[in-house]
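Biologist: I am new to this structure. Please show it to me, and let me ask how each term is justified.

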Amino acid sequence: MAAFMKKKLGEFAGFGDPKLLPPSDFLSDDCSGCSDPCSEHKEYPSYLHIDQDLPILGSVKPYGRHIIISTGLSDWPKYIESDKDTFAASLYEAECNTRSKQTWKNLVTNSNMLSTFSTLRDGYDVLLYPDNILVSNVTQSRAQDFYDIFVNVPLPTGPVRHEEIKHERMGYMKVQKSPYKNLLLLCSHKKRDKRCGVTAPILAQELDHVLRDKGLDEYDAGVLLVSHIGGHKFAGNVVCYINQGTKGIWYGRVKTCHVASIVEETVIKGKVIKDLYRGAMDNSFENQASRSILRW
């Protein structure tokens, strides 16, 4: 009865509305070829209590741009925007202190990515989608400049020519095209919610295995662990940036059984797996409808 009520309440609130699905041309029904229960793949611990009743379609808060910060860590304080002396906190302060030109919300996450391209000792590498760019040598002291130059600007309507991005306040910051043809993000923020902290490493291991089998290297399909993205009750949570970062596909309740299908259907074919689909980054699809009933 409780499960039935949760499902009906979710539907009443707008979750599960088929209008939130991408166009049919992008949909795939291929979720998993595994039996239930599966004896081939690693299962999550039963104590995680992952929600299986609420509809997940429509559970992504609308956002127009995703900023992914390199930290080299896979877990962070509960609220990264309040973690003093970090770039995430400085960027949040810059956003709060600036009159925004935007009609959309930004999503900011930390990641376990290393600052491979930065030459400054205290420099961060920062990825931006759908811009599909990486900015290196980003320092905490230049958070306001970074925000003004790269964040508080219109969303791209086509491929970004990174070599044409110039500004008098760039300093040592350098811009290049994102090195990733596709990027998969796994929420691993254990200090925010144990479920994501436990499921992400298990999924990452399976992804590594499947990607190797497919002959895809770390830049064909990168895998990063990231901080809280919302919906931890639907763990494992996976965000797939495909089509040169212009499409951001969100999946929930992802198990190791689903990994091969995600790689084949989404990374390789560009399709959306209907049963796992939570939502997408704004403008991922032409005439993208209501997107989500959720608001920031």
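**Strands and helices, term by term**

Modeller: Start with one pair: Ile69 has Asn110 in β3 as its bridge partner. The model is predicted, so local features need pLDDT of at least 70, side-chain atom pairs count only at pLDDT 80 or more, and totals for chains, interfaces and linings use all residues. Residues are numbered from 1 along each chain as its sequence is written, and side-chain values use heavy atoms, with hydrogens and water left out.

Biologist: How do you know that β2 and β3 pair?

Modeller: Pairing takes at least two bridges found by DSSP. Six bridges join β2 (residues 65-70) to β3. Therefore they pair. The two strands run parallel.

Biologist: Why is Val108 called partly exposed?

Modeller: Buried means under 20% relative accessible area, exposed over 50%, and partly exposed in between (1.4 Å probe, protein chains only). Val108 has 24%, so it is partly exposed. Val108 lies in β3, where five of the six residues are buried.

Biologist: What does Val108 touch, not counting residues up to four places away in sequence?

Modeller: Ile67, Ile69, Ile80 and Leu91. Contact means heavy atoms within 4.5 Å.

Biologist: Why are α2 and α3 called oblique?

Modeller: Angles under 35 degrees count as roughly parallel, over 145 as roughly antiparallel, 65 to 115 as roughly perpendicular, and the rest as oblique. The axes of α2 (residues 87-96) and α3 (residues 143-151) cross at roughly 60 degrees. Therefore the two helices are oblique to each other. Their axes come within 8 Å.

Biologist: Which residues of α3 make the contact?

Modeller: Ala143, Gln144, Phe146 and Tyr147. They meet Phe87, Ser90, Leu91, Ala94 and Glu95 of α2.

Conventions:
Axes are lines fitted to C-alpha atoms, for helices over the stretch in contact, and angles run from 0 to 180 degrees between N-to-C directions. Helices (H or I, at least four residues) and strands (E, at least two) are DSSP runs, numbered from the N terminus.
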